[in-house]
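Colleague: I have a bench day coming up and would love a guided tour of one part of this structure. Could you take me through a single strand and what surrounds it?

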Amino acid sequence: MNETHADFLTLLAGIIGILIVASGIGYALKQRVAPDGTNATIENLNARILAWWGMTAFLAVAFLAGRGGVIALFAFTSFAALREFVTLTTRRASDHWAIACAFFVILPLQYWLIWYEWYGMWSLLIPVYAFLILPIIAVLQGDSRNFLVRISQMQWALMICVFCASHVPALLFLDIPGFEARNVLLIAFLIVVVQLSDVLQYTWGKLFGRHPVAPSLSPSKTWEGLIGGVASATLIGTALFWITPFTPLQAAGMSLVITLAGFFGGLVMSAIKRDRGVKDWGHMIAGHGGFIDRLDSVVFSAPLFFHLTRYYWSLT
Amino acid sequence: MTRSFLAWLTGSAITTFGRLITAVRAIWDGVEPVPSQRVYFANHTSNGDFILIWTVLPSALRAHTRPVAGADYWLKSPLRTFIGRDVFNAVLINRNAEERSQDPMELILQGLDTGASLIIFPEGTRNTTDKPLLPFKSGLYNISQARPEVDLVPVWIDNLNDVMPKGKLVPIPLLCTVTFGASIRVAPGEDRKDFLKRAETALLALAPADEAPAEEARA
């Protein structure tokens, strides 16, 4: 076992420890308050915790399977997220081939390019080439009704669900001196800090939340939750500096940036849900709604995290 | 033995593919997934319709549920015949009155008399219009008249028409739902027209309020 594996297993043990405690609390709450499962908040909490176990298991298996496993996991996640996003977009029958191209050509190509380590191409494929090609495919069908709305939403779906999400596995290919073969821990750091920030914002908000940040968008996001969640997640991120190439101070700065980006990601995606008149993006994960409901924060923070790390730490 | 194993394998492959493309979810709204004999009647927009219903039924129910499908389509090639007969165990009826040797209603009732539940599409053909539902054919009424003890369960399949529109070879992945509503039966002395109207209303009531998000203009 090498050092990376050892650190990864230490981190995993920590997460499993937290989940065991959380499951115990959830079980005790249920027994005390509503053993018949009638308290919606407690049921939601327990469903979330259960889904966390599942996500941890998937991530652990993918990480141990190496680069291929991580890329496959995120490619599938992008697929599931895109499936949720496109379901809510304005579509017409004439968009069929453009959408099929997004799913079955652009998405696999993006992840293949990451695997192939062609940074110049994967960072342009969707913002430039898909941006030009998909409207061309759509326009060839000769249907101009709602055209700008349709092509804009398709591009947005690809940017969020594929382009931004693919920055997570791209972290594997950064070349950081003294951090060789440990890149998978960067992904662990990003996901753990951002997801814990989500959970802690939810917890702080439930306990002390009084003043909503954006009452017209998301009544459950409060200043108390935001400040408490971001501050405590930043502390945890700082304490995790030993799995990263960062000093404790740098880890704190990074944690602050990605938790804030994650918060705003959640806010933006809430606005889209509100516009489309739905509560959740989908129904894939019990207690969490869809994939996008859980990933909105990671998706918004991943490109920032990738480029900050690449610019200041990586040789490539 | 080999044939039934192949059928099981093909069935699993088809449902897995269906789940991958549509992440289909069942909503039991007014009826429970219990093994009583039923006729599920659903809206028909795509050839994949009964596959989605079949996918979301619990396996114990699925084993005793047979789709009623057109023989003209399902007996066209050996592969289709295998899928129609062996995998889905469909009750195959000939929709063309001049060619057929057996009355479709006779075959449907035979199927019911073996204790199986059935899936039927009372619109009679795939709906390619903009209307949510075509007027029902009389079959549903005739079935309920002949076997009044069988529950008729309305089933709304949502979004599948966008996944695989008629004439397109490649499906696009979109979330689909299958909603099962409260069962109905023909009332004593109920007129055919009144009953069919009632059945249509029961089915339409399960459609999501926002029926065609693809068509709405939000600018």
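**A close look at strand β3 of chain B**

Modeller: Happy to! Let's start with one pairing: B:G70 stands opposite B:I93, which belongs to β4(B). Please keep in mind that this is a predicted model.

B:G70 sits in strand β3 of chain B, which covers residues 65-70. Strand β4 of chain B, residues 91-93, runs parallel to β3(B), and 3 bridges join the two. β3(B) has another partner as well: strand β5 of chain B, residues 117-120, pairs with β3(B) in the parallel sense, again over 3 bridges. In that pairing, B:T65 of β3(B) has B:S117 as its bridge partner. Is the strand buried or exposed? Mostly covered: 5 of the 6 residues in β3(B) are buried.

Now step back to the chain around the strand. Chain B has 9 helices and 7 strands in its secondary structure. Its C-alpha trace spans about 50 × 45 × 40 Å along the principal axes. The radius of gyration of chain B is 17 Å, which agrees with the value near 17 Å that a compact globule of 219 residues would have. Of those 219 residues, 37% count as buried. Contacts in chain B often link distant parts of the sequence: taking contacts with a separation of 6 or more, 72% are between residues 24 or more positions apart.

B:I53 gives a good example of such a meeting point. Setting aside neighbours within four places in sequence, B:I53 is in contact with B:Y40, B:A42, B:I119, B:V155 and B:V178. One of these contacts leads back to our strand's partner, since β5(B) covers residues 117-120 and B:I119 is on the contact list of B:I53.

B:I53 also belongs to the largest nonpolar core, a set of 128 residues. The members that touch the most others are B:I53, B:F41 and B:V155, together with A:L82, A:A165 and A:L190. Helix α9 of chain A, residues 184-208, supplies the largest share of this core, with 14 residues. In soluble globular proteins, nonpolar side chains tend to be buried together.

That brings us to chain A. The unreviewed UniProt entry lists several "transmembrane region" spans for chain A, among them residues 154-172, 184-204 and 225-243. In the model, residues 154-172 of chain A are 79% helix and 0% strand, with end C-alpha atoms 28 Å apart. Residues 225-243 of chain A are also 79% helix and 0% strand, and their end C-alpha atoms lie 27 Å apart.

Methods:
Residues numbered from 1 in each chain as written. Chains lettered and ligands numbered in written order. Predicted model: local features only at pLDDT ≥ 70, side-chain atom pairs only at ≥ 80, totals over all residues. Buried ≥ 20, exposed ≤ 12 C-beta atoms within 10 Å, placed from the backbone. Helix = DSSP H or I, 4+ residues; strand = E, 2+ residues; numbered from the N terminus. Pairing = 2+ DSSP bridges. UniProt positions renumbered as here; feature names shortened; annotations may be inferred. Rg over C-alpha atoms; globule rule 2.2 N^0.38 Å. Contact = placed C-beta atoms within 7 Å. Core = buried A, V, L, I, M, F, W, Y, C linked by C-beta atoms within 7 Å.
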